[in-house]
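Colleague: I should be grateful for a close look at a single strand and its surroundings in this structure. Please describe how the strand is placed, and then what lies around it.

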Amino acid sequence: MKENKFLLLDALQNHYAVGAFNFATLEVLKAIVKGAEIQNSPIIAQVSESALEFLGDDYLKEIIKSTRKTCKVPISFHFDHGKSFESVKRAIKAGCDSVMIDASMLPFEDNVCITKRVVDYAHKHSVFVEAELGSLAGIEDDINVSDKNSFYTSPKQAKEFVKLTNVDSLAIAIGTKHGAYKFGGEAKLRFDILEEIEKQLPNFPLVLHGASGVDSNDVNSLYDLGVDIKGAKGVSEEILRKISKTNVCKINGDTDIRISYLLGILSNIKNNNSNIDYRRYLGSGMNEVTKLIMKKLDVYNSVNKAK
C-alpha cells in the first residue's frame with residue numbers, strides 16, 4: 001500500500017498524474033516499463049479480471065516479483081475493475097499492491113457495503129483500495145455499460161462515500177467512456193463536476209478511467225491493414241494535460257495501447273511477409289507501445305518525477 005499511496009500523493013502534491021496502463025502479456029508490460037524508464041516516470045501497471053484469467057495467478061505473481069526487481073522507476077501493480085470480493089482477494093494473493101472494487105452500477109448503499117468490506121480486508125494486507133462512484137459508459141474487457149445506464153458522479157455523495165468506506169482513492173465519472181468509441185462528436189468533460197468534487201474532497205486522490213487517446217492516423221492505418229475501427233475517438237491531449245493539473249492523479253489507459261501494439265505487429269507482418277520469427281513482429285508492437293507510453297507520460301507531466 002505504501003508504494004501506491006506514495007505515488008498518488010506525490011502526484012497530487014506536485015501537480016502531475018501517474019499513468020496507469022493495462023497489460024495482459026509480458027511483452028506489453030515490458031514495453032510499458034521501457035517507456036517509463038526512458039522518461040524517468042513512476043507508473044502503475046494494471047490487470048483486469050480477464051487479463052488475470054489470461055495470464056494465470058501464479059504467472060502474474062512471478063511477473064510482478066521479477067519486474068519489481070529489475071524496474072528502474074517506481075512501479076505499482078494494480079487490479080482494475082474487480083467486480084467481487086472474491087476476485088479482489090485473488091488479486092491480492094497474486095501480489096497486487098492495490099485493487100479496485102467496482103460496484104458503481106449498484107445502488108449507493110450496496111456500493112458502500114461491498115467497498116467497505118474490501119477496504120477492511122485489503123488494509124489488513126497493506127493493500128491500497130480504489131473504488132468508483134458514478135458509472136462510465138462503454139465496452140472494454142469485463143465492462144459493458146450502455147449510455148442510458150451511465151451517470152455522473154455526485155460531488156456530495158462522493159464525500160459521503162469516502163467517509164463511509166475509508167477508501168484510498170476514487171474513480172469519478174465526468175464524461176469519459178471505456179473502449180475505443182468514447183465520443184460521437186467533440187470530446188467534452190464535466191470539469192464543473194470535477195471542481196465540485198475537489199471542493200468536497202480536498203487533497204484526495206481522484207482517478208480518471210476511460211481516458212485513452214485514440215489517434216485518427218492510427219485508426220486509418222489499421223483500416224488499411226484490415227482492422228476496421230472507423231469512428232473510434234479518444235480523449236484529446238489538451239484535455240488530459242488539463243486534467244493532470246487537478247486532483248486527478250491517476251489516469252488509466254488501455255485502448256490506445258492495444259491499437260499501438262496491433263499496429264506495430266501488423267505493419268511488420270505486411271512489410272516482412274516471409275518472416276516467421278514472431279519475436280520480430282512482437283518486437284515491432286512493443287516498440288510502438290513504448291513510444292506511446294513516452295508520449296502519454298509527457299502529457300501527464302510525469303517525466304522525471306520518479307523518486
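Modeller: What follows takes strand β1 as its starting point and then turns to a loop, the pockets and a cavity. The model is a predicted one.

Strand β1 comprises residues 18-22 and is mostly covered, with 5 of its 5 residues buried. The cover extends to both faces of the strand. On one side, Val18, Ala20 and Asn22 are buried, and on the other Gly19 and Phe21 are buried as well.

Two pairings of β1 may be described in turn. With strand β11, which spans residues 248-253, β1 pairs in the parallel sense over 4 bridges. Within this pairing, alanine 20 has asparagine 252 of β11 as its bridge partner. With strand β2, residues 43-48, β1 also runs parallel, and 4 bridges join the two strands. Here asparagine 22 of β1 is matched with glutamine 46 of β2 as its bridge partner. The chain passes from β1 to β2 by way of helix α2, residues 26-39, and this β-α-β crossover is right-handed.

The loop that leads into β11 also merits attention. Threonine 246 is located between α10 and β11, in the loop that joins them. Its relative accessibility is 15%, and threonine 246 therefore counts as buried, the cut-off being under 20%. The side chain of threonine 246 makes polar contacts with the backbone in two places. One is with the backbone oxygen of isoleucine 243, at 2.6 Å. The other is with the backbone nitrogen of valine 248, at 3.1 Å; β11 covers residues 248-253.

The second largest pocket comes next, with a volume of about 260 Å³. Its lining consists of 14 residues, of which Phe23, Ala24, Thr25, Asp254 and Arg258 are the closest to the pocket centre. Helices α3 (49-55) and α11 are the elements that give two or more residues to this lining. By class, the lining of the second largest pocket is made up of 7 nonpolar, 4 polar and 3 charged residues.

The largest pocket holds about 440 Å³ of space. It is lined by 23 residues, and those closest to its centre are Gly213, Val214, Asp215, Leu292 and Lys295. Two or more residues of the lining come from each of α9 (216-224), α10 (237-243), α11 (255-271) and α12 (278-299). Helix α12 provides the largest share, with 6 residues. The classes represented in the lining of the largest pocket are 9 nonpolar, 5 polar and 9 charged residues. Helix α11 thus gives two or more residues to the lining of the largest pocket and also to that of the second largest pocket.

Enclosed space remains to be considered. Rolling a probe the size of a water molecule over the atoms shows where empty space is left. The structure holds 2 cavities of 30 Å³ or more. The second largest cavity contains about 30 Å³ of space. Phe6, Leu7, Asp10, Tyr16, Pro42, Lys305 and Lys307 form its lining. Of these lining residues, 4 are nonpolar and 3 are charged, with no polar residue present.

To return to the strand itself, β1 is buried on both faces and is paired in the parallel sense with β11 and with β2.

How values were computed. Residues numbered from 1 in each chain as written. Predicted model: local features only at pLDDT ≥ 70, side-chain atom pairs only at ≥ 80, totals over all residues. Heavy atoms only, no water. Buried < 20%, exposed > 50% of the residue type's maximum accessible area, 1.4 Å probe, protein only. Pairing = 2+ DSSP bridges. Right-handed = clockwise from strand over helix to strand, strands pointing away. 1 Å grid on protein atoms, 1.4 Å probe; cavity = no way out; pocket = protein on both sides within 12 Å on 5 of 7 lines; lining within 4 Å. Points joined across faces, edges and corners; volume = space filled by probe spheres on them. Nonpolar A, V, L, I, M, F, W, Y, C, P; charged D, E, K, R; others polar. Polar contact = N/O pair within 3.5 Å; in protein donor to acceptor, adjacent residues only side chain to side chain.
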